[in-house]
Amino acid sequence: MSARIDTTLAKLRAEKRKALVAYLCIGDPSVDESVDLAVACAEAGADILELGTPFSDPSADGPAIARASSRALTKGGGLAATLAAAKKIRARTEVPLVLFGYANPIFVRGDERTIDDAADAGIDALLVVDLPLEEGAALRRRAGERNLAVVPLLAPTSSEGRAAQVQAAGKIAPVGFVYYVSVAGVTGAAKAPLAEASERAGALRAATSLPVIIGFGIATPDDARAAATKADGVVVGTALVKIVEEETTAEARRAGVTALVRSLRAALDRC
Amino acid sequence: MLASAAMSAGQTTTAATGAAARDGYFGEFGGRFVAETLVLALEELTRAMHDIVLQPDFQREWRELLASYVGRPTPLTEAKRLARAIDPSGAFLARLFLKREDLCHTGAHKINNAIGQTLLAKKLGKTRIIAETGAGQHGVATATACALFDLPCVVYMGEEDVARQAPNVGRMRLLGAEVVPVASGSRTLKDAMNEALRDWVTNVRTTHYCIGSAAGPHPYPELVASLQRVIGDEARVQILERTGRLPDAAIACVGGGSNAIGLFRGFLADESVALYGVEAAGHGVSSGKHAATLTAGRIGVLHGARSYVLCNDDGQIEEAHSISAGLDYPGVGPEHSHLKDTGRATYISATDDEALAAVSQVARLEGILTALETAHPFAKLGVIAAELAGKRGRPVDLLMCSSGRGDKDLETLLRRLPLGSGR
């Protein structure tokens, strides 16, 4: 239910705190371990979880998430597995869940069935990277009927009128928040102009009265603080995915992910 | 103005049918399924297609280049010996004509589009060109156009294709292009396209992405078709001059489908002309190792457009298989999906073995060493002629797009085909 996101973000705003959104690729290193890692992120201080649905052709992702996606697919990952994982995560935490993925798996499963299954699994929002506003109407209508949010993305290259279109889309289904892409590029971009992105997020927030969360190129506590200044929060994905890739035991992966989320949390709470 | 029009269009049903559906759609197929970062660039490119490419000044300049540099118009060759080999008595195949795109500079039809898009990029002030390539023909064409227009060129190519189309990799490098081998996924055309999209999303302000097929997000399918239709437009005039009537069918190979849509566009309005696309059946459609997207795929979203795709029940794209790198793609241009669903065009498929046999046959009978892509429709001419003659009750005239030449395939051909020692 999108209300879970609204409540979470409103509470953070009232406390003058910034939201920390953690992205994990579900199925890397295995679907079961992803469930544990997601819960660990929530326990370490993530306010919202993005459940990355592996896709065979992740053309908006950089090499780290593309590799994770490809490993996950060999471990039974995919849309069906991510929905099943969401159900298990929901049984263990009340943190808002965003189903993050590409259009084809959703399209093949069917807009209605995907939304219904997501709602039943306790998912609160969908974010589909290759479904811009013009193509998302059918999914939005069904999401609206089931009180799920469909998170819109805006980018440095978005046109002037795009903010108004986001608001119009919000009349069909809740948006939850606006995901502002910090830099023209793929996930894991090395040199995102975070201070500039934060300014633009602040302007968008003022223009739309919607929460704006910044993603792409945020890896360290310093990055998180720089990006969050004028925004409602930040997304950290590639940095977490790399820990999962590099550590060799489940314990080390859990410890590494927990430590990064804690340090990001602490940095954001000093904003 | 544009934004609000796009928004209201976005609210119409995506299941809309009919040619007059939403801008960027062919019936229910097409659209613009891309990351937000690319939307503005695609809107700008759409405006440029209407305001520049389709205007007389651009057309004049582009056609002058096609004449003086590419070698257009390409000839129409009557393949008499092949026709008699296919149908000795002339009971079902009357005359067979080949539209000789293999005689274009760089060896295939791809140059028509590459010259057009690169000329456009120059006019838009873009300072860098990227492209994906499968067989390497589009990569060579783009590298050629970039040399001509003095623009840096980066070509993404799957590692498997780099290996099996080595001569074209060498040609691209000689022409000054950077060839980037792509090691992800199936290491073929679809992965090259993913990598090109990643580059474009990163460098969209300075870079033009020159897509080689009539696929991808709007406006690419329309842009590529509007450039490649020079094939069909020329062929229509030529065959009318030669025979005094329209052919019974126009035939071409279909991977993404650019030469096919280019040929078909010349005849879409001529209801008497049947349209046939021939896909790659690889080891056979029932083997699961094929690239026959329209024959055996389902409707999905790949590389920015809604169209037929090869994917599993979870929506994961499957690896295609074909001996021909240019047809080895699990998607297809959206206009072909529309032509299939409306019944205007018929899509069939030919296996690797059938294509190889056709290369051999066409070489010996017509003295034309055809590309493996082009060998697929050659392999099906008899089937098409027999079917159509049955329906029309008389022998038929066929027009086939001879889309490219086979020099690039020599290594594969020499390994797979027995070499004759004379007759």
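How many of the eight residues of α10(A) are buried? Hold on to that for a moment, everyone, while I say hello and set the scene. What we have on the screen is a predicted model, so please hear everything that follows in that light.

Now, back to the helix. Six of the eight residues of α10(A) are buried, so to speak of it as mostly covered is fair. The buried ones are A:D223, A:A224, A:R225, A:A226, A:A227 and A:A228. What do they pack against? Their partners are α9 (194–208), β8 (212–215), β9 (233–236) and α12, each of them in chain A.

Let me stay with that last partner. Two packed helices are described by the angle between their axes and the distance between the axes. For α10(A), residues 221–228, and α12(A), residues 250–269, the axes come within 8 Å and cross at roughly 35°. The crossing of this pair is right-handed. If you want to find the contact on your own screens, look on the α10(A) side for A:P221, A:A224, A:R225 and A:A228, and on the α12(A) side for A:S263, A:L264, A:A267 and A:L268. By class, the residues of this contact are six nonpolar, one polar and one charged.

Just before α10(A) there is a residue I would like you to click on. A:F216 sits in the loop that links β8 and α10 of chain A. Its phi is near 85°, which is positive in a residue other than glycine. Is A:F216 buried or exposed? With 29 other C-beta atoms within 10 Å, A:F216 is buried.

While we are on chain A backbones, here is another stop. The peptide bond between A:D28 and A:P29 is cis, with omega about 5°. You will find A:P29 in the loop between β1 (19–25) and α2 (31–44) of chain A.

Let's zoom out to the whole of chain A. Chain A has 12 helices and nine strands. Its radius of gyration is 17 Å, close to the 18 Å that the globule rule gives for 271 residues, so chain A is as compact as a globular protein of that length. Along the principal axes, its C-alpha atoms fill a box of roughly 45 × 40 × 30 Å. Of those 271 residues, 62% count as buried. And if you take the contacts between residues at least 6 apart in sequence, 76% of them join residues at least 24 apart.

Next, the place where the two chains meet. Chain A brings 38 residues to the contact and chain B brings 35. On the chain B side, α1 (2–10), α2 (36–53), α9 (189–202) and β11 (298–302) each supply at least two residues. Which of them gives the largest share? That is α9(B), with six residues. Sorted by class, the chain B side has 17 nonpolar, 12 polar and six charged residues.

Now for the sheet in chain B, so please rotate to it. It is an open sheet of six strands with mixed pairing, in the order β3-β4-β14-β9-β10-β13. At the edges stand β3 (76–78) and β13 (345–351) of chain B; each has a single partner strand, so one side of each is left without a neighbour in the sheet. On average, neighbouring strands here are turned by 25° against each other, direction ignored. The partner of β13(B) is β10(B), residues 274–282: the two run parallel and are joined by seven bridges. For one concrete pair, B:L275 has B:A345 in β13(B) as its bridge partner.

Two helices go with this sheet. Helix α15(B), residues 372–379, lies across β9, β10, β13 and β14 of chain B, and runs at about 145° to β9(B). Helix α16(B), residues 381–392, also packs on the sheet, touching β4, β9, β10 and β14 of chain B, and its direction makes about 150° with that of β14(B).

Two backbone details in chain B, and then I'm done. The bond from B:H218 to B:P219 is a cis peptide, with omega near 15°, and B:P219 lies in the loop between β8 (207–209) and α10 (220–243) of chain B. B:R187 is not a glycine, yet has a positive phi of about 60°. That arginine is in the loop between β7 (178–182) and α9 of chain B, and with 19 other C-beta atoms within 10 Å, B:R187 is partly exposed.

Thanks for listening, and do send me your questions!

Definitions and conventions: Residues numbered from 1 in each chain as written. Chains lettered and ligands numbered in written order. Predicted model: local features only at pLDDT ≥ 70, side-chain atom pairs only at ≥ 80, totals over all residues. Helix = DSSP H or I, 4+ residues; strand = E, 2+ residues; numbered from the N terminus. Rg over C-alpha atoms; globule rule 2.2 N^0.38 Å. Buried ≥ 20, exposed ≤ 12 C-beta atoms within 10 Å, placed from the backbone. Contact = placed C-beta atoms within 7 Å. Nonpolar A, V, L, I, M, F, W, Y, C, P; charged D, E, K, R; others polar. Pairing = 2+ DSSP bridges. Axes fitted to C-alpha atoms, helices over the stretch in contact; angles between N-to-C directions. Left-handed = near helix turned anticlockwise from the far one by under 90°.
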